[in-house]
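Reader: I'm new to this structure and would love a close look at one part of it. Could you walk me through the nonpolar core and the aromatic rings?

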Amino acid sequence: GYGFSVAIIGVAMAVMSLMGIYPMSIANFIQFALFFIYGFRLSGFLLIREIKNAAYRKTLAEATGKEVPIFVKFFMWVFMGVLYVAQTSGVAFRLFNKADNSVCQWIGIAISAFGIILEAVADKQKSEQKAKRPDMVATEQLYKIVRCPNYLGEITFWTGVFISGVTAYQGWGQWITAILA
């Protein structure tokens, strides 16, 4: 669900910009689209993996054998909601502060786009390797260079979001939120 959460945040930001609540610009809409692409791609990948991969379903069932208490679920839902709002804060603060587009925003967009591509390629390569040898870890292509290139893509994406807002952060609260996310 967290991928879909990010996609929905991107859609909500786009709608608020179209309603005039936030400034409209090409750079902002590219960032909204990147949130949507990131979230939809990630959630789609995870959903397909869970549905199609019997070995993954077995491992998941073994790992989650016990029912999680409702108060733990509630805490997780709240924490994850806060986390994804904080992670998108680089763009949110740019919008809220009505900051002009900057070179940092475009650099952040490029870094985020690269992160999405890296993560998608790594996930595809891992799926292909797991289809051949489900009992082995992925060790070819990107996985020969970096142990977890899909996580590197994830980190790269969120680093781009942070960088895109660097010139827009106002006050220590916004800086702390953006840095900690």
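**The core and its rings**

Author: Happy to! Please keep in mind that this is a predicted model. The largest nonpolar core has 19 residues, and those touching the most other members are M13, F35, Y38, V91, F157 and W158. Two or more residues come from each of these elements: α1 (2-18), α2 (26-52), α5 (89-96), α6 (103-132) and α8 (149-164). Helix α2 is the top contributor to this core, giving 6 residues. As a general background, nonpolar side chains in soluble globular proteins tend to be buried together.

Let's pick out M13 from that group. Leaving aside residues up to four places away in sequence, M13 touches Y22, F32, F35, T88, V91, A92 and L95. Two of the names in that list, F35 and V91, also appear with M13 among the core residues that touch the most other members.

Now for the rings. F35, Y38, F157 and W158 are linked by ring pairs into a cluster. These four also belong to the group of core residues with the most contacts to other members.

Looking at the whole structure, you will find 13 aromatic pairs. One of them joins F75 and F79, a stacked pair with 6.3 Å from centre to centre and 15 degrees between the planes. Both sit in helix α4 (residues 70-87), and because they are 4 residues apart there, about one helical turn separates them. F75 is exposed, since its relative accessible area is 56%. F79 has 43% relative accessibility, so F79 counts as partly exposed.

A second pair to look at is F162 with Y169, which is tilted: the centres are 5.7 Å apart, with 35 degrees between the planes. Here F162 counts as partly exposed because its relative accessibility is 25%. Its partner Y169 has a relative accessible area of 7%, so Y169 is buried.

From Y169 you can step across to Q174, which is found in helix α9 (residues 171-180). Setting aside residues up to four places away in sequence, Q174 touches F93, F96, N97, A168 and Y169. Is Q174 buried or exposed? With 11% relative accessibility, Q174 counts as buried, because the cut-off for buried is under 20%.

To retrace the route on your screen, start at M13 and its contacts, including F35 and V91. Then move to the ring cluster of F35, Y38, F157 and W158, and finish at Q174 beside its contact Y169.

Key:
Residues are numbered from 1 along each chain as its sequence is written. This is a predicted model: local features need pLDDT of at least 70, side-chain atom pairs count only at pLDDT 80 or more; totals for chains, interfaces and linings use all residues. Side-chain values use heavy atoms; hydrogens and water are left out. A nonpolar core is a set of buried Ala, Val, Leu, Ile, Met, Phe, Trp, Tyr and Cys residues joined through side-chain atoms within 4.5 Å. Buried means under 20% relative accessible area, exposed over 50%, partly exposed in between (1.4 Å probe, protein chains only). Contact means heavy atoms within 4.5 Å. Rings of Phe, Tyr and Trp (its six-membered ring) pair if their centres lie within 6.5 Å; planes under 30 degrees apart count as stacked, over 60 as edge-to-face and the rest as tilted.
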